[in-house]
Amino acid sequence: MSEIKLEVTGMTCQHCVRAVTQALESTPGVDKAEVDLKSGTAVVHGQAEPDKLIAAIKEEGYDAKMQGGDLSYVLLYTSPGCPDCAAVKRYLEVHSIAYEERDVTAPGVAEEAKSRYGVRVAPITVINGDVLYGTFAEQKPRLNAAFGG
């Protein structure tokens with residue numbers, strides 16, 4: 001079981017804490033969520049993906065990011081032989097940004113991307129729940145904004 005720490009903003013009362021806790025605990029892969037109003041944090045135990053946790057919190061009307069500000073969960077959908085995919089990977093590696101890669105040619109992966117993010121053509125870059133797609137040139141300004149590049 002892993003532990004994911006999130007910063008949650010917008011909570012003002014215990015009702016907010018309950019709403020965030022319920023949203024997190026209803027996310028697939030979550031065993032337990034501990035939300036603290038005073039510190040504005042959530043600690044999630046289980047195997048859920050951070051982008052899904054952040055999306056669940058945002059659906060409740062709050063904002064969230066990985067704790068530490070500069071820590072990001074990056075999910076990258078790629079395709080073999082795709083030059084834009086290779087360019088995004090190089091960008092992330094040059095900037096020492098860890099990422100999880102998924103090949104859209106693998107069974108079910110393109111459908112997963114389409115159902116989650118509305119697109120199935122690589123590269124698709126998901127940073128803490130925010131979705132970037134298109135060519136590397138189109139993604140680069142948003143990558144620079146997200147990572148200070």
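**View 1. Asp36 and Thr41 face each other in the β2/β3 pairing of this predicted model.** Asp36 stands opposite Thr41 of β3. Strand β2 covers residues 30-36 and runs antiparallel to β3, with 6 bridges between them. The hairpin of β2 and β3 has 4 residues between its strands. Gly40 in this hairpin takes a positive phi near 65°.

**View 2. Strand β1 also pairs with β3.** Residues 2-9 form β1. The pairing with β3 is antiparallel and spans 6 bridges. Here Glu7 is the residue opposite Thr41. Thr41 of β3 thus has Glu7 across from it in this view and Asp36 in View 1.

**View 3. Strand β3 is covered on both faces.** The strand comprises residues 41-46, and 6 of its 6 residues are buried. One side carries Thr41, Val43 and His45. The other carries Ala42, Val44 and Gly46.

**View 4. Leu6, Leu24 and Tyr77 touch the most other members of the largest nonpolar core.** This core holds 35 residues. Helix α1, residues 14-25, gives the most to this core, with 5 residues. A second, separate core has 12 residues, including Leu76, Val88, Tyr91 and Phe136. In soluble globular proteins, nonpolar side chains tend to be buried together.

**View 5. Tyr77 and its contacts beyond four places in sequence.** Tyr77 is in contact with Cys85, Arg102, Val104 and Val109. Glu112, Ala113, Arg116 and Tyr117 are also in contact with Tyr77. Ala122, Pro123, Ile124 and Val126 complete the list.

Definitions and conventions. Residues are numbered from 1 along each chain as its sequence is written. This is a predicted model: local features need pLDDT of at least 70, side-chain atom pairs count only at pLDDT 80 or more; totals for chains, interfaces and linings use all residues. Side-chain values use heavy atoms; hydrogens and water are left out. Buried means under 20% relative accessible area, exposed over 50%, partly exposed in between (1.4 Å probe, protein chains only). Helices (H or I, at least four residues) and strands (E, at least two) are DSSP runs, numbered from the N terminus. Two strands pair if DSSP finds at least two bridges between them. A nonpolar core is a set of buried Ala, Val, Leu, Ile, Met, Phe, Trp, Tyr and Cys residues joined through side-chain atoms within 4.5 Å. Contact means heavy atoms within 4.5 Å.
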